[in-house]
Amino acid sequence: MRVARRLAALMGAVAMLMAVPGNAHAAAPKFSETTTIGTHNAYEKDKYTYWAQALDSGASLLELDVYADSLNRRWRVSHSNPLGNDNNCEYADEPSELYSKDRNQDLGSCLDNMAAWEQLHPDHAPVIVKVEMKVGFNNNVGLGPDEFDTLVSQKLGSSVYKPSDLLGSSYSTLDAAAKANAWPSRDALKGKFVFELTPGTVEESNPFDHYWTDEEYGDHLRDLYAAGNISAAQAFPAVLGAANGDPRTSRYDSSIRPWFVFFDGDAATYVNNGYDTSFYSANHYILIMTDAYNVSPAISSTNPTDAEVATRLALLAADHASVITSDWSAKSASVLASAAARG
């Protein structure tokens, strides 16, 4: 049965979701009904010289690693330096300044670059911005969920698709809205950024940190909704790590479980262990599958052929992924912008 499914996926590799002339009556797929491609750590200079080039790439997900620098009270963007910036974001907030200014800026400048880039591309396809909070939040020094929301809102305003947008006026939790497939179409999300928040590797390995990003932002969403201020929230927290069944049940208090509709884990773990990933598509949850190159048969993690990427996209679409990610920054926009129908 697994072989048959894989063969079917391979045969469907060319069935990308493109607009078909003369097919004006076909319903536009919803955000939850497609599988797209993202780039891991797209802020690194060896992947793209400038963050604007990462946005140009066509990828549907771009990742930023963010440190809450408690000493300097800044949001740093770096892979391993918590006190400095090491990234391709520029000191640029106008379209004319992109691709030319000093890099190694903080999170605010990355968001400025996005706002400037969007002026050049107002109808861009929706982009998920995955933010790994490397050491978590530090609310005690003014680097908590409220401050994160304020910064994103100030920089990007109505360009962000927020949790309140999914809730609308009909639903009281994100879970209820997702199960009703209240997601808009991909066409309706043109010009939008969607922020995903995940715990960071440093945070996870810190024996003194027992309040990780996912739980803290889940509490934040619950409390904002109770206070009638859910529109202030700018991001969707993700359940991190591949697991079978519903991983929220064992990880979170029942009061915040319904505020998680993003899930993020290793592709090979999901596929090789035979986890029932239909759970995610049946409930219209967003499932990010990372290290997509490593699913058997493994392909290059950086520069596979176009055909290999198309085949991998179709294969993991059949496994119910919403986005597959790897370090495929070397691929053209025609490849990275591909979309398949989600299984």
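Rings of Phe, Tyr and Trp (its six-membered ring) pair if their centres lie within 6.5 Å; planes under 30 degrees apart count as stacked, over 60 as edge-to-face and the rest as tilted. The model is predicted: local features need pLDDT of at least 70, side-chain atom pairs need pLDDT 80 or more, and totals for chains, interfaces and linings use all residues. Residues are numbered from 1 along each chain as its sequence is written, and side-chain values use heavy atoms, with hydrogens and water left out.

**Exercise 1. Classify the ring pair W75 and F148, and place both residues.**

Step 1. The search of the whole structure gives 21 aromatic pairs. W75 and F148 form one that is edge-to-face, with 6.1 Å centre to centre and 80 degrees between the planes.

Step 2. Place the residues. W75 is in strand β3 (residues 74-77) and F148 in helix α4 (residues 145-156), so the pair links distant parts of the chain, 73 residues apart. Helices (H or I, at least four residues) and strands (E, at least two) are DSSP runs, numbered from the N terminus.

Step 3. Check burial. Buried means under 20% relative accessible area, exposed over 50%, partly exposed in between (1.4 Å probe, protein chains only). W75 counts as buried because its relative accessibility is 8%. F148 is buried too, at 0%.

**Exercise 2. Repeat the analysis for W183 and F262.**

Step 1. The ring centres are 6.3 Å apart and the planes stand at 70 degrees, so this pair is edge-to-face.

Step 2. W183 lies in the loop between α6 (174-179) and β5, and F262 in strand β7. The pair therefore ties together parts 79 residues apart in sequence.

Step 3. Both W183 and F262 are buried.

**Exercise 3. Which residues do ring pairs link into a cluster?**

Solution. The cluster holds F263, Y270, Y275, F279, Y280 and Y285.

**Exercise 4. Describe helix α12 (residues 306-318).**

Step 1. Compare spans. The expected span is 1.5 Å times one less than the number of residues. With 13 residues, α12 reaches 19 Å from its first C-alpha to its last, close to the 18 Å expected.

Step 2. List the buried residues of α12: V309, R312, L313, A314, L315, L316 and A317.

Step 3. Look past the end. H320 follows α12 and has a positive phi, near 75 degrees.

**Exercise 5. Where does the charged end of R103 sit?**

Solution. The charged end of R103 sits over the ring of Y50, 5.7 Å from its centre. The test asks for NZ of Lys or CZ of Arg within 6 Å of the ring centre and within 35 degrees of the ring normal.
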